[in-house]
Amino acid sequence: MTIAAQRAQARALFDAGVAAADPVAATTRALAQSPVAATLIVAVGKAARGMAQAAMAASSDVPCLIVTNYENATPLAGAQVFAAGHPVPDENGARAADAVIAALGNLGVQDHVLALISGGGSALLPAPVAGVSLAEKAAVNDLLLGSGADIMQMNLVRQHLSRLKGGGFLRSAAPVVVTALILSDVMGDDLRAVASGPTVAPLGTRAQARTILQSLDIWEKCPASVRAHLSRAETTVTAPKADNRLIGANPISLRAMADHAPDARVIADPVTGDVAAAARRICDAAGQGITLWGGETTVQLRGTGRGGRNQELALRIALEARARGWTGPWVCLQGGTDGRDGPTDAAGGLVDSGTLDRISDVAGLLANNDSYTALAQAGDLLITGATGTNVADLGVLIRG
C-alpha cells in the first residue's frame, strides 16, 4: 500500500469515529428510547447545537438555550444561541451563564429541564463565584492548561470557582426535575468531569483543589482572590438528584473505527498522560497492519509556540518511529474529534515516514511547543473544521 493510500485510509477511519459521535443521531436515539416531557431545554458544549436540534425536533415549541463555541454557533430556529470562548472563557460565556441561571431561576415546581451536556461546556459557561472575576478565573484556566494537569484535575479546580459546575446547575434549578443527556469527552466517562459536572456532584473538595494547584506548582501564581476563596472553610450543600444519561463516548467511537477495520489491533486502555510517554506506548503496541486507540494526553508548556496535544503526539510518534528504525511506509493520524487542537485551526496531525525530512528543525520546534509550525512545514496538519461533537481524541497507525 502506498503512503497516499495509507493516509486516505487513516482519515477514513478517523472520520468513522467522529461520525459515531454525531450529536443529532445520539440525542435522537436517546429520546426515542426514553422520551422527556421537557418545558425548557438547555444545551451546553461543543456538541450543543446538534443535540439541541434533535431535542427540539422531539419537543416542539419548548424554549431552548444553546451555549457553544464560536465555530459551532450557527442559528437554530426557535432557540437562543450563545457563542462563547473555548478553551479560554470570555465575557460572552459569562453573559450566557447569567442567562442560563436566570432561566433556571424562573421555573416552577411543575417544570422539567432537559440538559444537553457535552465536552467544552466547562470553559463555555463560566459563572465565577463571588469575589472572583472572570479574568481571574481565566488566568487560573490558563495556568492549568499549561501545567500538564489532566482533565479531572482541571475540572475539580474549576468546579470550586463556579456557580454552575459541580452540581451548580441543579442547585440553580431546584426543586425542578432535571434530565441530562451527556456526550462524554473524558476518559472513563466520569460524568462529574464532563463539562465540570453541572448536573452531578463535585469531584472533590476545596482542600483538594488547593492541593492540586500546589502539586502543579501554580498555587502562588493564582490570583489572590482565587487563593482566598479556596482557603475558606468547606460549605456542604446537597444538590438535587438528576437523571443523568450517557449517550456518547470515546469507546463508542473507537469501536466504530474497529468495525471499519476488523483486523486492526486496538489499544484497549485509553492513551493518556504525557505525550512523550504516550508516543512510546503506542509504538510499543503497534505491529504491522492497523493499530487504533482513543484517549486524551497532556502537554507541559515550556515554549511560546502554537500547537496542541494531538499535533505534538503525532510528531513524537514520528520521532519514536525513526528512533526505532522502522522501515517501509507507515502513516499515523492523531486528532481531536471536535476538529480543533489547542488554539489552532487544526484537529491534529497526519504524519508519515517522510514527515521529519520535510521539517527544518523538529527538535527546536518541539522544545518551543511549536508543533503547528512543524506540521505546517511538512504539509501534515490535520484540518477537518469544526465537527459539532467532542468525544476526546482518536488515533490510527498503519504500517506496511
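**Exercise 1. Charges over rings**

Task: In this predicted model, find the ring under R399 and give the distance from R399 to the ring centre.

Solution.
- Step 1. Go to R399 and look for the ring face below this residue: that face belongs to W326.
- Step 2. Read off the distance: R399 is 3.9 Å from the ring centre of W326.
- Step 3. Now turn to R306. The charged end of R306 sits over the ring of Y372, and the distance to the ring centre is 4.5 Å.

**Exercise 2. The aromatic pair**

Task: State how many aromatic pairs a search of the whole structure finds. Then describe the geometry of W326 and W330, and decide whether W330 is buried or exposed.

Solution.
- Step 1. The search of the whole structure gives 1 aromatic pair. Its members are W326 and W330.
- Step 2. Their ring centres are 6.0 Å apart, and the planes meet at 85°. Planes over 60 degrees apart count as edge-to-face, so W326 and W330 form an edge-to-face pair.
- Step 3. Check burial. The limit for buried is under 20% relative accessible area. W326 has 16% relative accessibility, so W326 counts as buried. W330 has 5%, so W330 counts as buried.

**Exercise 3. Helix α3 and its partner α2**

Task: Work out how many residues of helix α3 are buried. Then describe how α2 packs with α3.

Solution.
- Step 1. Helix α3 covers residues 48-58. The buried residues in α3 are A48, R49, G50, M51, A52, A54, A55 and M56.
- Step 2. That makes 8 of the 11 residues, so α3 is largely enclosed by the rest of the structure.
- Step 3. Two numbers describe a pair of packed helices: the angle between the axes and the distance between them.
- Step 4. For α2 (residues 23-33) and α3, the angle is about 35° and the axes are 7 Å apart. The crossing of α2 past α3 is right-handed.
- Step 5. Name the residues in contact. From α2 come P23, V24, T27, T28 and L31; from α3 come G50, M51, Q53, A54, A55 and A58.

**Exercise 4. Two further helix pairs**

Task: Give the crossing angle for α7 and α9, and for α13 and α15. Which residues make the contact in each pair?

Solution.
- Step 1. Take helix α7 (residues 151-159) and helix α9 (residues 206-215). Their axes come within 9 Å and cross at roughly 130°. The two helices are therefore oblique to each other.
- Step 2. The crossing of α7 past α9 is left-handed. Q153, L156 and V157 of α7 meet Q208, A209, I212 and L213 of α9.
- Step 3. Take helix α13 (residues 309-323) and helix α15 (residues 371-378). The axes come within 9 Å and the crossing angle is roughly 60°. Therefore α13 and α15 are oblique to each other.
- Step 4. The crossing of α13 past α15 is left-handed. Q311, E312 and L315 of α13 meet S371, Y372, A374 and L375 of α15.
- Step 5. Link back to Exercise 1. Y372, a contact residue of α15, also has the charged end of R306 over its ring.

**Exercise 5. The surroundings of N390**

Task: Place N390 in the chain. Is N390 buried or exposed? Which residues does N390 contact, leaving aside neighbours within four places in sequence?

Solution.
- Step 1. N390 is in the loop between β12 (381-382) and β13 (393-399).
- Step 2. The relative accessible area of N390 is 7%, so N390 is buried.
- Step 3. Leave aside neighbours within four places in sequence. N390 is then in contact with K46, G119, G120, L183, S184, D185, T337 and D338.
- Step 4. Add a C-alpha distance. R340 is 50 residues from N390 along the chain, and their C-alpha atoms are 9.6 Å apart.

**Exercise 6. Backbone details in loops**

Task: Locate the cis peptide bonds that lead into P87 and P175. Then examine phi at D61 and at A195.

Solution.
- Step 1. The bond from H86 to P87 is cis, with omega near 10°. P87 is in the loop between β3 (79-84) and α4 (91-105).
- Step 2. The bond between A174 and P175 is cis, with omega about 5°. P175 is in the loop between α8 (168-173) and β5 (177-183).
- Step 3. D61 is not a glycine, yet its phi is positive, about 65°. D61 lies between α3 and β2 (64-69), in a loop. Its relative accessibility is 80%, so D61 counts as exposed.
- Step 4. A195 also has a positive phi, near 55°. A195 lies in the loop between β5 and α9. With a relative accessible area of 7%, A195 is buried.

Technical notes: Residues are numbered from 1 along each chain as its sequence is written. This is a predicted model: local features need pLDDT of at least 70, side-chain atom pairs count only at pLDDT 80 or more; totals for chains, interfaces and linings use all residues. Side-chain values use heavy atoms; hydrogens and water are left out. Rings of Phe, Tyr and Trp (its six-membered ring) pair if their centres lie within 6.5 Å; planes under 30 degrees apart count as stacked, over 60 as edge-to-face and the rest as tilted. Buried means under 20% relative accessible area, exposed over 50%, partly exposed in between (1.4 Å probe, protein chains only). A charge sits over a ring if NZ of Lys or CZ of Arg is within 6 Å of the ring centre and within 35 degrees of the ring normal. Axes are lines fitted to C-alpha atoms, for helices over the stretch in contact, and angles run from 0 to 180 degrees between N-to-C directions. Helices (H or I, at least four residues) and strands (E, at least two) are DSSP runs, numbered from the N terminus. Angles under 35 degrees count as roughly parallel, over 145 as roughly antiparallel, 65 to 115 as roughly perpendicular and the rest as oblique. A crossing is left-handed if the near helix is turned anticlockwise from the far one by less than a right angle, and right-handed if clockwise. Contact means heavy atoms within 4.5 Å.
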